[in-house]
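Trainee: I'd like to learn how to read a few features of a protein model. Could you walk me through one, starting with its pockets?

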Amino acid sequence: MTSKPDLTTTAGRIQDLRDRLAEAQVPAGQEAIDAVRENGSATARERVELLLDSGTFVETDALARHRIEAYKMYRTKPATDGVVTGYGLVHGRRVFVFSQDSSLFDGAMGEVYAEKILKLYELATKTGVPVIGIYDSIGPRFQEGIVTAHMQAKILRAAAQASGLVPQIAVVAGDTASLPATTVPLADFVVQVAGASFDGGEAHLTVDTDAAAIAQVRDLLAFLPLNNVAASPLGTEAEKASELDLDTFMPDDDSQDYDVREIINAVTDGDFFELGAQTAGSVLTGLAHIGGRAVGVVATQPQVDGGTLTGAAARKAARFIRTCDGFNLPLVQFVDCADAVIPAGEDAPLSGAAALAYAFAEAQVGTVTVITRKALGTAYALLGSKGLGADLVFAWPTAQIALADAATAAEAIGTDVAEYEAENLNPYVATERGLVDAVIEPSQTRTQVLEGLRLLERKVVYPPVKKHGNMPL
């Protein structure tokens with residue numbers, strides 16, 4: 001049996017500290033850790049270590065313990081109180097992280113637990129450093145009563161106040177429900193481990209394991225600035241662009257679909273990082289580098305429902321656009337959409353369309369739109385049009401920019417369909433009116449977008465003075 005250190009000596013006090021910190025490494029005991037691993041999961045501490053560059057983790061409040069005596073809680077007062085918190089480096093850049101520990105009280109949140117998370121948010125907003133939360137909690141700690149709801153409200157307020165100041169990423173690594181789960185949708189990006197239940201909505205990325213989730217977060221952080229006034233990290237520009245010949249890419253039959261990812265990879269540096277792939281697939285959203293500079297990409301996807309803009313797709317794009325604008329990531333849009341549609345029974349489709357219009361019109365970052373094929377009617381107006389505020393709009397010679405398809409328009413005005421199509425379904429009518437800045441050869445798209453983004457680095461916007469607008473939600 002190990003004897004207790006002599007606290008009357010310096011050596012004994014140092015050993016006492018080491019013993020206490022060692023306890024914090026395994027607060028629920030080795031058996032609990034073994035049980036987590038046997039279940040195929042990583043422990044809360046292992047998840048932090050996977051996230052951060054090796055040897056950079058600085059733990060905060062490792063020796064914190066709850067203060068509750070009632071309901072026999074005095075019998076169990078483990079160090080950390082069920083959440084590992086601290087900061088470290090990812091790709092050499094500072095981040096804050098908290099990781100909920102399901103081996104202690106099933107990850108249930110109490111007052112001290114919440115205080116630890118709140119301390120991170122306070123430091124993050126003061127220092128301009130991202131916050132990564134790893135969630136694995138069944139809910140509030142009932143033994144602590146209403147104070148847990150009060151503390152969760154404080155965490156929600158802190159997350160809301162940090163929104164738009166520093167990036168927030170949530171990793172749903174284990175079953176997450178009730179009060180602690182309400183913070184997850186406030187994050188800018190959500191990564192979920194398959195099998196981990198979460199009642200707060202769809203994740204941007206879903207992967208199979210803890211390690212894969214953490215790897216995705218590390219990749220995601222490579223595109224993001226530290227905060228809303230910092231420059232995005234520079235990637236390494238591809239030595240050569242995709243070998244795809246865009247001049248021969250577009251099918252002659254305008255009803256034939258294609259994968260817009262091929263265009264994205266040809267125009268960007270080939271590192272498109274798609275987000276939200278499992279929802280509203282007719283619109284793609286994600287991050288990429290162009291000339292080494294990070295950008296946000298929004299593109300209609302002809303392979304899914306012809307690239308139609310549903311209410312769900314519009315809301316997906318709107319949320320992504322606001323995230324990019326909040327962190328100074330320029331926006332590049334690729335448009336091929338015959339029109340916005342309203343599927344039967346879809347919830348609030350018009351508010352989705354209005355949210356997309358609001359998000360793009362509000363954006364202050366540089367915005368570049370490339371119309372590759374169809375941009376008709378409402379879809380034209382909503383998807384990065386000049387009237388909505390796009391800085392630069394390019395069109396391919398294959399573009400059809402008009403109020404409606406030929407059959408609909410010809411019937412409305414009583415003219416021949418073929419005649420209307422020949423005169424109006426092209427990019428030149430819009431170009432003559434200044435709605436398109438240039439019609440370009442598809443093979444020149446990367447060059448034109450890159451030069452446009454370089455120009456827009458100098459963009460300065462002085463928005464009207466107001467508290468905030470009232471975005472449709």
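Trainee: How do the residues lining the second largest pocket divide into nonpolar, polar and charged?

Mentor: First, the general idea: rolling a probe the size of a water molecule over the atoms shows where empty space is left. This is a predicted model, by the way. In the lining of the second largest pocket there are 8 nonpolar, 8 polar and 7 charged residues. The lining has 23 residues in total, and the ones nearest the pocket centre are Asn 39, Ser 41, Asp 136, Ala 173 and Gly 174.

Trainee: What volume does the second largest pocket have?

Mentor: About 360 Å³.

Trainee: Let's move to cysteines. How many disulfides does the structure hold?

Mentor: A disulfide is a covalent bond between the sulfur atoms of two cysteines. Here the count is 0.

Trainee: Why is Cys 324 not bonded to Cys 337?

Mentor: The cysteine sulfur closest to that of Cys 324 belongs to Cys 337, and because the two are 20 Å apart, they are too far for a bond. For a pair to count, the sulfur atoms must be within 2.5 Å. Cys 337 is likewise in no disulfide, its nearest cysteine sulfur being that of Cys 324.

Trainee: Is Cys 324 buried or exposed?

Mentor: Cys 324 is buried, at a relative accessible area of 1%. Cys 337 is buried as well, with 0% relative accessibility.

Trainee: And over the whole protein, what percentage of residues is buried?

Mentor: Of the 473 residues, 50% are buried. For the overall frame, the C-alpha trace spans about 95 × 50 × 50 Å along its principal axes, and the secondary structure comes to 15 helices and 15 strands.

Trainee: Which residues have the most contacts inside the largest nonpolar core?

Mentor: The general idea is that in soluble globular proteins, nonpolar side chains tend to be buried together. In this model the largest nonpolar core has 66 residues, and those with the most contacts inside it are Ile 132, Leu 287, Leu 309, Leu 356 and Ile 401. Helix α9, residues 311-326, gives the largest share of this core, with 7 residues.

Trainee: Where does this core lie with respect to domain 1 and domain 2?

Mentor: Domain 1 (17-222) and domain 2 (246-456) both contribute residues, so the core lies between them. Another core, of 29 residues, lies apart from it and includes Phe 98, Val 166, Ala 181 and Phe 198.

Trainee: How many residues separate Phe 98 from Thr 300 in sequence, and what is the distance in space?

Mentor: They are 202 residues apart in sequence, and their C-alpha atoms are 36 Å apart in space. Thr 300 is in strand β10, residues 293-300, and is buried, with a relative accessible area of 2%.

Trainee: Last topic, the backbone angles. What is phi of Asp 305?

Mentor: Here you check the sign of phi together with the residue type. Asp 305 has a phi near 55°, a positive value in a residue other than glycine. Asp 305 lies in the loop between β10 and α9 and counts as exposed, at 60% relative accessibility.

Trainee: And where is Ser 178 placed?

Mentor: Ser 178 is in helix α6, residues 178-181. Ser 178 is not a glycine, yet has a positive phi of about 60°. With a relative accessible area of 39%, Ser 178 is partly exposed.

Terms used
Residues numbered from 1 in each chain as written. Predicted model: local features only at pLDDT ≥ 70, side-chain atom pairs only at ≥ 80, totals over all residues. Heavy atoms only, no water. 1 Å grid on protein atoms, 1.4 Å probe; cavity = no way out; pocket = protein on both sides within 12 Å on 5 of 7 lines; lining within 4 Å. Points joined across faces, edges and corners; volume = space filled by probe spheres on them. Nonpolar A, V, L, I, M, F, W, Y, C, P; charged D, E, K, R; others polar. Buried < 20%, exposed > 50% of the residue type's maximum accessible area, 1.4 Å probe, protein only. Core = buried A, V, L, I, M, F, W, Y, C linked by side-chain atoms within 4.5 Å. Helix = DSSP H or I, 4+ residues; strand = E, 2+ residues; numbered from the N terminus. Domains from an automatic or database assignment.
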